[in-house]
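Here is a short briefing to read with the structure open beside you. Take it one topic at a time and find each part as you go.

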Amino acid sequence: MMRRFFASLLAGGLLAGVGAHAQDTLAPLRFQSDGVFGSIDLAAAQRGFAVYQGVCASCHGMKALHYRDLEALGLTPEQVAGIAAGVKLADGHAATPNSRFKQPPLVSRGGAVPPDLSSIVAQRSGGTHYIYDFLTGFGPAPAGVTLLTGHSYNGAFPGGQVAMPAVLHDNAVAYADGTKATTAQEAADVAEFLTWSADPNLSTRHAVGVRAVIFFAFLVIVAVLTKRRIWRERG
Amino acid sequence: MRVEAKQGWLASRVPGFTCVRDMLCESRSPGAPWLATLPTLLAAMLVLLLASGVVLAPFYDPRHAYAALQTIMRDVPGGWLVLSYHQIGASLAFALLYLHLFRILLVRGYRAPAEFGWMLWVKLLVVLLLAGWMGFVLNGGVGGHSSLFNAVNAAMLLPGIPGAVAMWVFGGASGGATLARLLVFHALLALCAAWIILMAFAADKKARPVLQGPGVPFWPIYAAQYFAALSVLALVFAVLLGFVPHWGQGTQNTIPAATAVIPAAISYPWYLTPAAGLAGAFPGVAGHICAMILAAALLYALPWLDRSRGARHGRVYMALTWLLGVDVLMLGLVTAFPMGGVLPKLLGLWFYFHFLVLTPLVTMMEAA
């Protein structure tokens, strides 16, 4: 009986998940990692890694990650070894799966140093959505705004002037899974990848959380009823 | 050996064994409210904090604090879970202690002969605040780093013996070596907290009025109540753990201290905000330090500041006590979301005004 109940609950959840997946997630913008039941969209995060590697890695490091960690995104050990082998570290050797992500040379642009992106989603209020807004927020400066040298206008960035250039554009990368690489798609994918990297346990945490909450909710009901009964009979 | 024989064997050899056994098994007066379980729930959280802290400590590296926490979260199997236990355990321990202290204030649970127990709960608050602040610093984030920087600078200004003690704790300008020292004191304070709460339990038991009539046994009457209360706590814990593990921590301290960005305002974890607000009520470094000491001393002295003799508060003082609760809550809020203006100062000063002036005055008038 109980198992049946949970099975139907679970099936309902899965169906809802599949249904959501088939929707267009860019308009309106929605991430699979959003909300309390969210989980990392592995396909999007894999594409996001491609964007990071192809576009962002020349300026931004991700110190906290090793190449082997990418297996958590569903890449095979061979694929990971291939990715690592393609990276030439500062000492001239090729990276291995156990190497940390390659650190780009430290250069400051317009007086600002590109921040490490490992935990950037946790470090900015607004999280995933802020990263997306930031990456799609570049544009021409409104009339009356004079840009500092080396700065670009970005409506999502506090103050509007950022020392990072607009780096995403249509087909900035070629996706292996055939997804059309629009600017918005690239921004959304890299945002999902950075969400994973800031909290690699997000999916597990939510899954464990749901089970624990259901279990303890039942326990609370049973325990409170038991207490009341005992107090009525003996107290 | 029968159970009683075993207990007799232990009781005649282990000092304090009968005390612990009696605490659990003795008959009690019936009908204790749910909120009377708060100390037990707090003890459960302290046990969890100690256990998770022991697991985490060997993985911690004071010289690379931020990186060490990243390693625990990402590379140590189950590390993220234990770290969450520790962080959420701290949050809930403070929540339970604040609730318990406020409840004692409301029911006048600090009056003789319970004043010794009250003083122990205040000591526990002081110890946990210190340990909590050190935990905040040990994270290796920007917020903790600048808070430590301020504390060390303040310590260098202290003259005489207090200055020497502060220097012994911090060891000099803040850096990785300071964190190594704080790690020791963090653990030491945790053990102190465990000891203090045991003492508080014993003191509260001594202060309980003599049982009228037969009373009710712990098992199963109170066991059922404690079990239900613990499962509520576990439910709250699970919600935090699964869905908002960083609730009340802010984003500032997730940025590594090494980036050397000095934040305009430090954002503390929620449980430190009332204390930070109280410290800010008096100007200057010396003012902050005196404010903290005064606040603890006033709480400590409450059984003597309250001049009434009855078992309950008068109506006005009851209202004032509720007002104090709101005041401390607001003080935490305006510290967490700085807004400027005089309101934060006023809220802080009200705390001192409440204990120094209103408490003796109003209770004396209501006793007359």
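pLDDT is the predictor's confidence in each residue, from 0 to 100. You will need that score here, since this is a predicted model. Chain A averages a pLDDT of 89, and 89% of its residues score at least 70. With that in mind, let's look at confidence, then at two interfaces, and finally at a salt bridge within chain A.

**How far to trust chain A**

- Residues 1-23 of chain A are a stretch to treat with care, as pLDDT stays under 50 there.
- For this stretch the model has eight contacts beyond four places in sequence.
- Where pLDDT is low, the predicted coordinates should not be read in detail.

**The two domains of chain B**

- The domain assignment splits chain B into domain 1 (32-262) and domain 2 (269-368).
- Where the two touch, domain 1 of chain B contributes 29 residues and domain 2 of chain B contributes 27 residues.
- The C-alpha centres of these two domains of chain B are 22 Å apart.
- The size of an interface is often given as the accessible area lost when the parts come together.
- For domain 1 and domain 2 of chain B, the buried area is about 2,500 Å², with 74% of it on carbon and sulfur atoms.
- Which residues of domain 1 of chain B lose the most area to domain 2 of chain B? They are Leu106(B), Arg108(B) and Tyr110(B), which together make up 24% of what that side buries.
- Arg108(B) has another role to spot: its side chain meets that of Asp306(B) in a salt bridge (2.8 Å, N to O).
- The rule finds one salt bridge across this domain interface, and there are 10 residue pairs in polar contact between the two domains of chain B (both at pLDDT 80 or more).
- On the side of domain 1 of chain B that touches domain 2 of chain B, helix 5 (79-107), helix 6 (115-138) and helix 7 (142-157) of chain B each supply at least two residues.
- Helix 6 of chain B gives the largest share of that side, with 11 residues.
- By type, that side of domain 1 of chain B has 21 nonpolar, four polar and four charged residues.

**Where chain B meets chain A**

- This contact involves 32 residues from chain B and 35 residues from chain A.
- Chain B and chain A bury about 2,700 Å² between them, and carbon and sulfur atoms give 69% of that area.
- Arg74(B), Trp80(B) and Phe243(B) supply 26% of the area that chain B buries against chain A, more than any other three residues.
- How many salt bridges does the rule find across the interface of chain B and chain A? The number is zero, although 10 residue pairs are in polar contact between these chains (both at pLDDT 80 or more).
- Helix 4 (65-74), helix 5 and helix 10 (218-243) of chain B are the elements that give two or more residues to the side touching chain A.
- The largest share of that side, 16 residues, belongs to helix 10 of chain B.
- The chain B side of this contact divides into 22 nonpolar, eight polar and two charged residues.

**A salt bridge within chain A**

- Side chains of opposite charge can pair when their charged atoms come close.
- Over all chains, the structure holds five salt bridges.
- One of them joins Asp189(A) and Arg47(A), whose closest N and O atoms are 2.8 Å apart.
- Asp189(A) sits in helix 6 (residues 183-198) of chain A and Arg47(A) in helix 2 (residues 42-56) of chain A, so this pair ties together parts that are 142 residues apart in sequence.

Key:
Residues numbered from 1 in each chain as written. Chains lettered and ligands numbered in written order. Heavy atoms only, no water. Domains from an automatic or database assignment. Contact = heavy atoms within 4.5 Å. Buried area = accessible area lost by both parts, 1.4 Å probe. Salt bridge = Lys/Arg side-chain N within 4 Å of Asp/Glu carboxyl O. Polar contact = N/O pair within 3.5 Å; in protein donor to acceptor, adjacent residues only side chain to side chain. Helix = DSSP H or I, 4+ residues; strand = E, 2+ residues; numbered from the N terminus. Nonpolar A, V, L, I, M, F, W, Y, C, P; charged D, E, K, R; others polar.
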